Amino acid sequence: MLRAMFRTAVIVATLFAAAGFSSGALVGPASAQSADEAAGIQLTIRSQIEAMQVDDWDRAFEYASPTIQGVFRNPENFSRMVTNGYPMVWRPKTYRAGALTETPRGLMQTMIFEDRQGRLFIADYLMQEIDGEWRINGVSIRPAPTESA
């Protein structure tokens, strides 16, 4: 079951990459977006992270878009994917918002996570607005580039 969930997560990530959902697909800053939109997007992401930190998977699942909910079908499957594959998001040491940008697929909020071992990760959250509420429509996570001497 865990292998199947991991394969599903890999398939979702592959679909996002094939659709141009990567840092290379940025069109430019979302300068036309209001501060209220940025605040709403960041509130959605923070709220999901806070729900995951206390293992409230029902609430965390509510912040996912209908597409993501359809892929994982229920909060239990979603929790297995996150806890097994993304500990830096489930139990971060710290996290903060980065840039909000427009992509061909919609608005993307970058978040920077530090895991419990002090490693940094960049997470690009593809967002979808549904009935005036922001939902997470996919996340692409990669290690942050290391500085060279």
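## Exercises on a predicted model

Trp57, Phe61, Phe72 and Phe78 make up one aromatic cluster. The structure is a predicted model, and the exercises below start from this cluster.

**Exercise 1.** Classify the geometry of the ring pair Phe61 and Phe78, and state which elements this pair ties together.

*Solution.*
- Step 1. The number of aromatic pairs comes to four. For the rings of Phe61 and Phe78, the centres are 5.6 Å apart and the planes stand at 55 degrees.
- Step 2. Planes under 30 degrees apart would count as stacked and over 60 as edge-to-face; the pair of Phe61 and Phe78 is therefore tilted.
- Step 3. Phe61 belongs to helix α3 (residues 57–62) and Phe78 to helix α5 (residues 75–85), so the pair ties together parts that are 17 residues apart in sequence.

**Exercise 2.** Determine whether Phe61 and Phe78 are buried or exposed, and describe the surroundings of Phe78.

*Solution.*
- Step 1. Buried means under 20% relative accessible area. Phe61, at 8%, therefore counts as buried, and Phe78, at 5%, is buried as well.
- Step 2. Neighbours within four places in sequence being set aside, Phe78 is in contact with Gln48, Met52, Trp57, Ala60, Phe61 and Phe72.
- Step 3. The largest nonpolar core has 28 residues, and Phe78 is one of those that touch the most other members, together with Ile45, Met52, Phe113 and Tyr125.
- Step 4. Elements giving two or more residues to this core include α3, α5, β3 and β4 (120–130). The most comes from α2, with six residues.

**Exercise 3.** Characterise Gln109 by its element, accessibility and contacts.

*Solution.*
- Step 1. Strand β3 (residues 106–114) contains Gln109.
- Step 2. The relative accessible area of Gln109 is 0%, so this residue is buried.
- Step 3. A polar atom of the Gln109 side chain lies 3.5 Å from the backbone oxygen of Ala99.
- Step 4. Beyond its neighbours within four places in sequence, Gln109 is in contact with ten residues' worth of surroundings that include Ile41, Gln42, Ile45, Ala99 and Tyr125.

**Exercise 4.** Which residue is joined to Thr110 by a side-chain polar contact, and is Thr110 buried or exposed?

*Solution.*
- Step 1. Thr110 is located in strand β3.
- Step 2. With 16% relative accessibility, Thr110 counts as buried.
- Step 3. The side chains of Thr110 and Asp124 are joined by a polar contact of 2.8 Å.
- Step 4. Thr110 and Gln42 are 68 residues apart in sequence, with a C-alpha to C-alpha separation of 9.5 Å in space.

Key: Residues numbered from 1 in each chain as written. Predicted model: local features only at pLDDT ≥ 70, side-chain atom pairs only at ≥ 80, totals over all residues. Heavy atoms only, no water. Helix = DSSP H or I, 4+ residues; strand = E, 2+ residues; numbered from the N terminus. Buried < 20%, exposed > 50% of the residue type's maximum accessible area, 1.4 Å probe, protein only. Polar contact = N/O pair within 3.5 Å; in protein donor to acceptor, adjacent residues only side chain to side chain. Contact = heavy atoms within 4.5 Å. Phe/Tyr/Trp six-rings, centres within 6.5 Å; stacked < 30°, edge-to-face > 60°. Core = buried A, V, L, I, M, F, W, Y, C linked by side-chain atoms within 4.5 Å.
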